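Q: Could you take me through one part of this model up close? I'd like to hear how its pieces sit against each other.

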Amino acid sequence: MHDQLLALITGVVEELNERRSEKIPTEDLPGVVLYGDAGVFDSMHLVNFLALVEEALEDEFDVEISLTSEKAVSRRVSPFSSVRRLIDFIDEEMRLAAAS
Amino acid sequence: MRDAIVRRFDELGDRVAVVDADAAYSYRDLADEIRRLGAVLAEHRVLPHDVVVLNGDFSFPSITALLALHVNRNVVVPVVTLTETVLTTVTASCSPRHLLRTGADVEIEAIAGAPDAAGAYDSLVAAGASGLVLLSSGSTGVPKAILHNLDAIVAEKLGTRARAAGRPANILMFLLFDHIGGLNSLLGALRVGGTAIVPRRRTPDEICALIEKHRIRLLPTSPTFLNLILIGGYHREFDLSSLRLITYGTEPMPEELLARINAAFPKVRLLQTFGTSETGISTTTSESSRSTFFRIDDANVEHRVVDGELQLRSRTQFLGYLNYPSDALTEDGWFRTGDLVEQNADGFMTVRGRATEVINVGGEKVLPLELESILLGSPLIDDCVVYGRPNAITGQTVCADVRPRGEMTRAELRRHVVDFLTDKVDAFKIPTKVNLIDSVTVSERFKKKRALS
């Protein structure tokens, strides 16, 4: 599942890169910091990126997950600290969605 | 004053006052029916100043019932769709004594269990005037019950002089019977000795068929409904050449949509109306048919702009809310419309949106209308609605529901929306979420419904 999610996020980043002058490196995507001091996004771009990921999840897995919820924001280890953490969070949320 | 109206209808005699379901009723019929209903009201012990719920949409019986209740000095609460919730609200807040339903004929029944009015109507009783309660179509919660002096509205809109000169106009009763705009259309038709054409259903095809059939000259409507006509191509299917004037109101007009309407109706004058349930409909002048800028030209209405918001004060202003504190009024008695306007150097103004619909993206303000208007300039977009959705990072984000012209996937549509808006608006205004929809949700008053965040 992690590989599929990584591929999905790679697709989203590639789409965003088309419009960015400063490209987000895709070679080691899991290690890329999304938000914070070393982050590639400011808050608005982060929301934009997450909305695209949500849309891709809906299209690919037919599942609706909020990545901008209080739950996502208030976690001790932020899902936005790296792509790897985000994938962990999505995976967890998808399991929860499947179980309910 | 009240009887003078009936006499004036008598004088207009055979002129057609109302066309309802293919039956034509003359002004004499109107006067006769008002008198007959006066007797019916007396028979049911509907006393002057009693509050009466009038249930029905535009029809010959509802129009005559409204006027008969005015003549009888009642407080009228017109309600087109009387749901259980609405009846509960009205019963609790308006202290009604009677329910008058208009079908083929009128039926009157008593309403039990309403609380005492506790002086809410004292000023009307003291003035010996009839009253009107409009229920706001508020987007949330219980509708506001807005009390008016109906004598004042009738005097203002009908005037004391008959203006029956010239060719009588056919006016379509497009706006609803329980809406300030609908009542304004009706009184406007009666003022000029014109004919009120009553639609059965307010679908674009039915309305266009009526315009063709009755050679209607004046169509009062809303931007959203005009767009439904254009999207469906009904203006090409029916002969609408009789139209001289389209008035649009109830919601702001996107500039791009106005351009589309001008292209579709090159010979029709387009006039923006402006009004609120609280202050009534003001007489307005549009800068031109192609401009969303307008001016309030109404001796009865004063206006001012405070912090971008339009405030009004009118002679026919409401007397108060029956079930809400009057916090919409400033200390000096001006009504806060909640409409954000921009003024130009020539004294014209345009509505930029509703204060309550402003989307706040991390402290940056976005007005839905600005984006909707730009998006309608795309040849690939038929219609759209922009609104805010909450999120825990920036507070709100911008979402757009878009109906494309032709086949498109959601991803294609989203890319198009982003491409089209990039370089036209600030980055924070670009929707983060774009949904592909078949049709924009429209309220029964033909306003766009923006999802509330």
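A: Here's a walk through chain B, starting with a pair of helices, then some strands, then the contact with chain A. Keep in mind that this is a predicted model.

Let's begin with helix 1 of chain B, residues 2-12, and helix 2 of chain B, residues 27-43. Their axes come within 7 Å and cross at roughly 145°, and the crossing is left-handed. From helix 1 of chain B, the residues making the contact are B:Val6, B:Phe9, B:Asp10 and B:Leu12, while helix 2 of chain B brings B:Tyr27, B:Arg28, B:Leu30, B:Ala31, B:Ile34 and B:Arg35. Sort that contact by class and you get seven nonpolar and three charged residues, with no polar ones.

Now for the strands. Strand 21 of chain B (residues 335-343) pairs with strand 19 of chain B (residues 309-314) in the antiparallel sense, over three bridges. One bridge to look for is B:Glu309 with B:Leu340 of strand 21. Strand 21 of chain B is also joined to strand 22 of chain B (residues 349-354), again antiparallel, by five bridges. There, B:Asp339 has B:Arg354 of strand 22 as its bridge partner. Strands 21 and 22 of chain B form a hairpin with five residues between the strands, and B:Gly347 takes a positive phi near 85° in that hairpin.

Finally, the neighbour: 10 residues of chain B are in contact with 11 residues of chain A. On the chain B side, that's four nonpolar, five polar and one charged residues.

Notes:
Residues numbered from 1 in each chain as written. Chains lettered and ligands numbered in written order. Predicted model: local features only at pLDDT ≥ 70, side-chain atom pairs only at ≥ 80, totals over all residues. Contact = placed C-beta atoms within 7 Å. Nonpolar A, V, L, I, M, F, W, Y, C, P; charged D, E, K, R; others polar. Axes fitted to C-alpha atoms, helices over the stretch in contact; angles between N-to-C directions. Helix = DSSP H or I, 4+ residues; strand = E, 2+ residues; numbered from the N terminus. Left-handed = near helix turned anticlockwise from the far one by under 90°. Pairing = 2+ DSSP bridges.
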